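Student: I should like a close look at a single part of this model. Please take one chain and describe its fold, its contact with the partner chain and the confidence of the prediction.

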Amino acid sequence: MGFNSLVAVCLAYVIMLFAVAFMAERRARRSRLRFLRSPWIYTLSLSIYCTAWTFYGAVGYAARSGLEFLVIYLGPTLVFVGWWWLLRKLVRIGRTHRITSIADLISSRYGKSNALGVIVTLMSVVAATPYIALQLQSVTLSFDAFAARSPEGWALPDQGATALWIAGGLALFTILFGTRNLDANERHHGVVTAIALEAVVKLVALIAVGVFVVWGLGGGPVDMLARIDASPIAEWPLQPGRFAGLTFVSAAAVLTLPRMFQVLVVENVDERHLATASWAFPGYLMLMSLFVVPIAVMGLELMPEGSNPDLFVLTLPLSQGQGTLALLAFLGGFSSATSMVIVAAIALATMVSNHIVTPLWLALRRASTRAPGDVRGLVLISRRLSIIGVLSMGYMYYRLSGGSEALAAIGLIAFVGAAQVLPALLGGIFWRGATHVGAMTGLLIGFAIWAYTLFLPSVGDAGLLPQSVLQSGPFGIGWLRPHALFGIAGLDPILHALFWSLLFNALAFLIFSMLSFPGPLERLQGVAFVNVFDQSPAARSWAQGGVEAEDLLSMAQRILGAREAQHFFQTQASAQGKEGFLPDTTSPFIARLERKLAGSVGAATAHAMIAQLTGGSAVSMQDLIAVADETAEAKEYSATLEAKSEELARVARALRDANDKLRDLSVQKDSFLSQISHELRTPMTSIRAFSEILMEPDLPDALRAQYAEIIHEEARRLTRLLDDLLDLSVLENRGVQLNISVVNLHDLLNRALQSASSTRPERAFRIERDFPTEHMPVFTDTDRLVQVFINLISNARKYCDSEHPVLRIEVRKRGKRVQIDFIDNGAGIAKHSQKLIFEKFARLTDESRAGSAGLGLAICREIMANLGGTIDYLPGQGGAAFRVSLPLRRGREVGAN
Amino acid sequence: MTQRRVLLIEDEPHIAEAIRFILTRAGWAVSVLDDGAQAFARIAGDPPDAVILDLMLPGRSGLEILADLRADSQLQALPVLMLSARGQGRDREAAERAGATAFLAKPFANADVLERLDAITGGGTTACRAHA
Amino acid sequence: MPQPGKPLFLARRSYRRRRLMDAARLLPVLGVVLILLPALWVPAQTPAPDTGRGGIYLFAVWIALIVAAFAIARGLGPVLDAEELPEQGARDPLGTPD
């Protein structure tokens, strides 16, 4: 098989992955989630635990140290069969608090401290870099293996170039599917589905090779056992300390590796999936490990002396002339490597952007303006750059380290690094006394010991530490030798580093937690995390009042996107029994908003952004009492009371609103007659006065003509007013005969803009439109609809007080309805007027001289009601904004009564 | 004899034009203002012989302007003819309570405007009539 | 009066479920013991080759754990369903407004 065809197979495989990810995203967007939400997809996505380190490295590991490799998979098995105790809590916390990464979890638990988020992020990036390099190396090596075996004897191009191409391709894939959306609660359906597919490929590949080895080469299971007993690894040199230590560290890693946390907690869509994964994932690991020893034994038996055992999975079939099987094995290894890199890059990029880039940017912005700009765009860009950064670091590490031989060592180093988060993680979710200071000290000490004893000595051939330090300790201090702290020499380096780093990490964590005193927010979060199962998730940390819902909405829009934010506010408002987009800024509402934002930018940033608007986070006395109060009954009782009082408050609010509206309406009804009188008498006055003047004989002809023109104009105004009144009365009684026809919305908007341009024609108005979105057929009474559009555009032309007036028209299709937003850049409409503008004769200034009677918006509202649609004022858009929403197809029947 | 001066505060341009025409022909010097917010400053700066004041104005309503005038020691006796298009009894009462010298409902006969204006500026006795 | 031959026990099902939860918590402990058991044999000191036998033992433990976890997961399914359902609407992960 030639190099080109190998590359072609790779490309075809990658294209298939793109297609699968793309289709999954499309299904997710159409809310067809049944397949995507299957527990099987979830279980398979967890298989990124098995990287190229497993696929190639496990055989190498077995060829070197026999059965020891199994504990790397037995550790996670223990964690998963014990899901009820730990994983379920972790996932519940992750979902309740909208955790975006392991760094976010730690930061959120310890008082939304961004410093902790930064520490965990940096640790994770450092620990993951060699691991990513390892994946690039394994793919490059597997290309190499093909090259060496190839009958055509093709020469492999530069290895560095291969790795570079792979890193680049992976960056592209990750950016395309990992940073597509910010709002969907940090879930990446496309990526997860592609990874599930890769999981199947690697399992099938490894089993296929195993079956070939056992039945094809080894002569069946019984013969195979005999071969194992006769092989160089027949003796099992079990070191009890290492055996237990590695079981522990792999169990820890499955929880704390950023990529595992991503698929396990962040991408979890349903807690029940854990139940399936609890046995299915150990099953997957078991199947992945089943044939490792036979492959290692056969490799040692058949392959020439000195072949790299890390590549037996590939070279064994190749040496037996099984090209297709080898190709399958190659794809399996390729899958293992790519899926790990993709998820690790997403997880790390999320952490870097949420905990480093965004807070930095916000801190810089805070100095200049109060309201931050477009956070959404910033977060997406910083994520994309972070992905490129993470992969570049992996590639650089690969080039610098020159491709160390043993894959197993690198994997274990990363595991021990990731395990440093364990004390803070477990302490955080099981112990209320764990504090920020304790977590920070433990993490820093553990990380420092890990770096000194394991990581730095491993980088490159000689290590980053000078040989003299390794031999006799820094400055000749013997008991500080990296591989023999406190003079305890002879321990296995991994075990040595694991023991000391976690010991001091845990000790520092415990001692400093007990000595320090947590802040109020930290105590609140501690209770919310530890008691996640018996608490309503609302941790009340926002003192009421002080902030306008409109400000919160405009901030939320910048992070969640307009559609998502508006929907959230609308739902919250209607839960409070209010209409429109602006709920009361009660503290439960703000807490919910904070959690929603945390799902996009992380807890610490979300907290900081809300604190910026509300003017500081005040933890109320009630919150503190809730923390101090430990008894379950009291909690339950107060929860019931709370539910009742919330219900009462909602009803009261609805009643108050209704009452206010009734009073406003009655005042308006009262003034309705006097309004009509005024509107009729004003033109009448001019007509009467000028008619009397015209009756006089000695008037110059020029004046006579001018005054006759005035009379004519005022008479027309009077007619128009009467028409409007009649129109309104017909529309209000839903007695109007609709004249349904089909029209292209784009043309309709053109027509409206054309007609409205006669309003204040002297003003240079810039119109912003997105033509492609506008082309859609609408079945409705087009004359009526255009009347609404004209009215809105004319209003903008009349009232928009900006120096450079701009009107933005946005069209969105939402299922079977279409939304058209008209947004100008003027001062907007004051909040207290927003409810009244659609009432008859309601004008924004009490005494308008614009010559209109204030019936325009009232008519618009009635027209939209007749067309089966709505028209609303849209607050928080930075100007006056109206949203027209109507069905794409209006039935022919007369408007419903 | 110096020309008598009247300030017309009215936001409807056509009505203002009609009144201006009628009064000018009758020998009045008419100046027109279409905004309530500037009315008081304009009157205080250069008090005319009489003011014709519309009830509904942009910026500041006629009743508020009238209250300002009556609160000012220099201007409390200034003859003011109030106009209103709502034409209800309530408006007339409100205008008189606020200290209007005379009231006229829209639409009006042209002769009535002249007559009322002459009446409130003709002599000191009529000026106080509305206060009674 | 309890009927003869039928022990008096109320809320039998929920009692069973609570014991199942206990089993779920204990399973990993059992797993740790079984997995670390070979360390007591100290296979390096036995004369016979151990990799084959050790492998079979570890895979047997593994399969037993998987089967036990499967049984427990099935038994606890209804508990999870009861917990999850009321929150489904409020927490639609996509939050599709339509």
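Tutor: The answer below concerns chain B, with a short comment on its partner. The model is predicted, and the mean pLDDT of chain B is 83, with 90% of its residues reaching 70 or more.

A suitable starting point is the pair of strands E1 (residues 5-9) and E2 (residues 29-33) of chain B, which run parallel and are joined by five bridges. Within this pairing, B:Leu33 of E2(B) is the bridge partner of B:Ile9. Between the two strands the chain passes through H1(B), forming a right-handed β-α-β crossover.

Helix H1 (residues 13-25) of chain B also has a part in the contact with chain A: with four residues, H1 gives the most to the side of chain B that touches chain A. The contact as a whole takes 19 residues from chain B and 19 residues from chain A. On the chain B side, 10 of these residues are nonpolar, five are polar and four are charged.

The partner, chain A, contains 36 helices and nine strands. Of its 897 residues, 48% are buried. Among the contacts in chain A with a separation of 6 or more, 80% join residues 24 or more positions apart.

Confidence varies among the elements of chain B: E1(B) has the highest mean pLDDT (92), whereas helix H6 (residues 124-127) of chain B has the lowest (38). Over residues 123-132 of chain B, pLDDT stays under 50, and the model has 10 contacts beyond four places in sequence for this stretch. Where pLDDT is low, predicted coordinates should not be read in detail.

Notes:
Residues numbered from 1 in each chain as written. Chains lettered and ligands numbered in written order. Predicted model: local features only at pLDDT ≥ 70, side-chain atom pairs only at ≥ 80, totals over all residues. Contact = placed C-beta atoms within 7 Å. Nonpolar A, V, L, I, M, F, W, Y, C, P; charged D, E, K, R; others polar. Buried ≥ 20, exposed ≤ 12 C-beta atoms within 10 Å, placed from the backbone. Pairing = 2+ DSSP bridges. Right-handed = clockwise from strand over helix to strand, strands pointing away. pLDDT = per-residue confidence, 0-100.
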